[in-house]
Amino acid sequence: NSSLKGRSFLAEIDFTEEELLYLLDLAADLKEKKKNGIPHRYLEGKNIALLFEKTSTRTRCAFTVACTDLGAHPEYLGKGDIQLGKKESVEDTAKVLGRMFDGIEFRGFAHKTVESLAEHSGVPVWNGLTDMWHPTQTLADLLTIQEHIGHLRNVKLVYVGDGRNNVANSLLVGGSIVGMDVRICAPQSLWPAQEVIYLAKKCSDQVMVTSSIEEAVAGADVIYTDVWVSMGEEDKFAERIELLSPYQVNMQMIKETGNKDVIFLHCLPAFHDLETTYGKEIYEKYGLREMEVTDEVFRSKHSKVFDQAENRMHTIKAVLAATLGNME
Ligand code: CP
Ligand code: NVA
């Protein structure tokens with residue numbers, strides 16, 4: 001599929017259903033090659049910049065390992081390492097990086113930053129998460145659903161929790177493009193922005209946004225949640241706990257789906273126990289031992305979260321290979 005060559009991936013809407021499905025097939029093929037030790041160095045000799053304004057485990061590691069497996073050199077440029085946005089404009093940084101690197105990954109706050117990098121660098125730019133979208137996450141989610149359920153069309157995916165964050169936006173639009181039945185279940189003040197619902201509705205007539213758990217989860221194939229407080233909005237803890245406590249994914253909710261084979265997904269990191277210092281701080285302040293998902297569900301047979309995390313690497317590898325690789 002040479003149509004992807006040279007293109008950026010800033011949001012799901014940048015690619016058609018056919019292109020997204022092609023990337024999933026390519027990811028499955030590259031996953032197979034990796035498992036069998038078959039080389040796939042489609043990016044031999046290339047240099048990739050990895051820009052991170054926010055912290056990351058999965059995205060950073062997935063891009064790094066994907067680059068290395070593909071034969072490219074990844075260069076990590078963290079917050080505080082370069083002049084971006086402080087001593088130098090995004091436009092000038094983009095122009096410089098584009099003269100040296102063959103492609104740029106960006107994770108950060110404003111979506112317009114990644115758009116500006118794509119506009120001015122002259123090389124493919126991949127969004128590793130902004131406040132608005134998390135498209136490489138969606139690809140991993142879709143691959144995981146395909147592996148466990150066998151197909152995507154009409155799969156009933158219910159996203160429960162903060163319906164306005166990057167992951168919710170991405171699932172709503174990305175899932176709709178590939179013909180899934182996506183339902184956002186959230187208190188009304190956390191429903192997706194009108195423009196996001198509009199984009200999803202342009203791709204699908206199955207879009208549902210509701211505050212009713214009962215209505216949303218009946219017959220669900222996938223229950224998905226994410227943190228109640230995303231990176232950059234740490235001041236919103238008290239208000240989110242108040243709003244979202246009824247939307248915690250627990251065994252009661254899993255039972256309410258009426259589907260014994262329902263799978264549970266979470267982009268991670270997840271707050272499901274007190275095993276982190278962060279968790280302990282929240283416990284001391286708000287008395288919560290678990291937030292968006294109970295430990296019981298997180299560790300249950302329904303949970304495929306670590307397959308999902310692994311798939312970040314295979315799907316990101318597919319995006320890099322398709323947009324920048326020598327695939328012939
Ligand atoms: N899911 C995800 O993007 O994880 P990181 O924040 O660890 O990259
Ligand atoms: N919504 C979360 C996703 C983390 C991968 C955040 O933006 O912090």
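This report describes a predicted model of a protein with two ligands, from its overall build to one buried residue.

## Overall build

The protein has 13 helices and nine strands. Its radius of gyration is 19 Å, close to the 20 Å that the globule rule gives for 328 residues, so the protein is as compact as a globular protein of that length. Its C-alpha atoms fill a box of roughly 55 × 45 × 40 Å along the principal axes.

Buried residues account for 50% of the 328 residues. Contacts often reach far along the chain. Of those between residues at least 6 apart in sequence, 75% join residues at least 24 apart.

## Two annotated spans

UniProt, in an unreviewed entry, places the feature "domain: Aspartate/ornithine carbamoyltransferase carbamoyl-P binding" at residues 7-147. That span is 47% helix and 14% strand. Its end C-alpha atoms lie 27 Å apart.

A second feature, also from an unreviewed UniProt entry, is "domain: Aspartate/ornithine carbamoyltransferase Asp/Orn-binding". The record puts this feature at residues 154-322. Here the span is 43% helix and 12% strand, and its end C-alpha atoms lie 27 Å apart.

## Around ligand 1

The shell of ligand 1 includes the run Ser-56, Thr-57, Arg-58 and Thr-59. Leu-129 and Gln-137 also belong to this shell. Cys-267, Leu-268 and Pro-269 complete the set. By class, the shell holds four nonpolar residues, four polar and one charged.

Where does ligand 1 lie relative to domain 1 and domain 2? Domain 1 covers 2-133 + 310-324, and domain 2 covers 156-220 + 222-261 + 263-301. Both give residues to the shell, so ligand 1 lies between them.

## Around ligand 2

Ligand 2 has Asn-165, Asn-166 and Val-167 around it. Asp-226, Val-227, Ser-230 and Met-231 are also in its shell. Leu-129 and Cys-267 complete this list, and both residues are also found around ligand 1. The shell of ligand 2 divides into five nonpolar residues, three polar and one charged.

## A buried leucine

Leu-23 sits in helix 1, which spans residues 17-35. Is Leu-23 buried or exposed? Leu-23 has 25 other C-beta atoms within 10 Å, and 20 or more make a residue buried. Leu-23 is therefore buried.

Which residues does Leu-23 touch, leaving aside those up to four places away in sequence? They are Leu-139, Thr-315, Ala-318, Val-319 and Ala-322. Leu-4 is 19 residues from Leu-23 along the chain, and their C-alpha atoms are separated by 9.5 Å.

How values were computed. Residues numbered from 1 in each chain as written. Chains lettered and ligands numbered in written order. Predicted model: local features only at pLDDT ≥ 70, side-chain atom pairs only at ≥ 80, totals over all residues. Near = placed C-beta within 6 Å. Nonpolar A, V, L, I, M, F, W, Y, C, P; charged D, E, K, R; others polar. Domains from an automatic or database assignment. UniProt positions renumbered as here; feature names shortened; annotations may be inferred. Helix = DSSP H or I, 4+ residues; strand = E, 2+ residues; numbered from the N terminus. Rg over C-alpha atoms; globule rule 2.2 N^0.38 Å. Buried ≥ 20, exposed ≤ 12 C-beta atoms within 10 Å, placed from the backbone. Contact = placed C-beta atoms within 7 Å.
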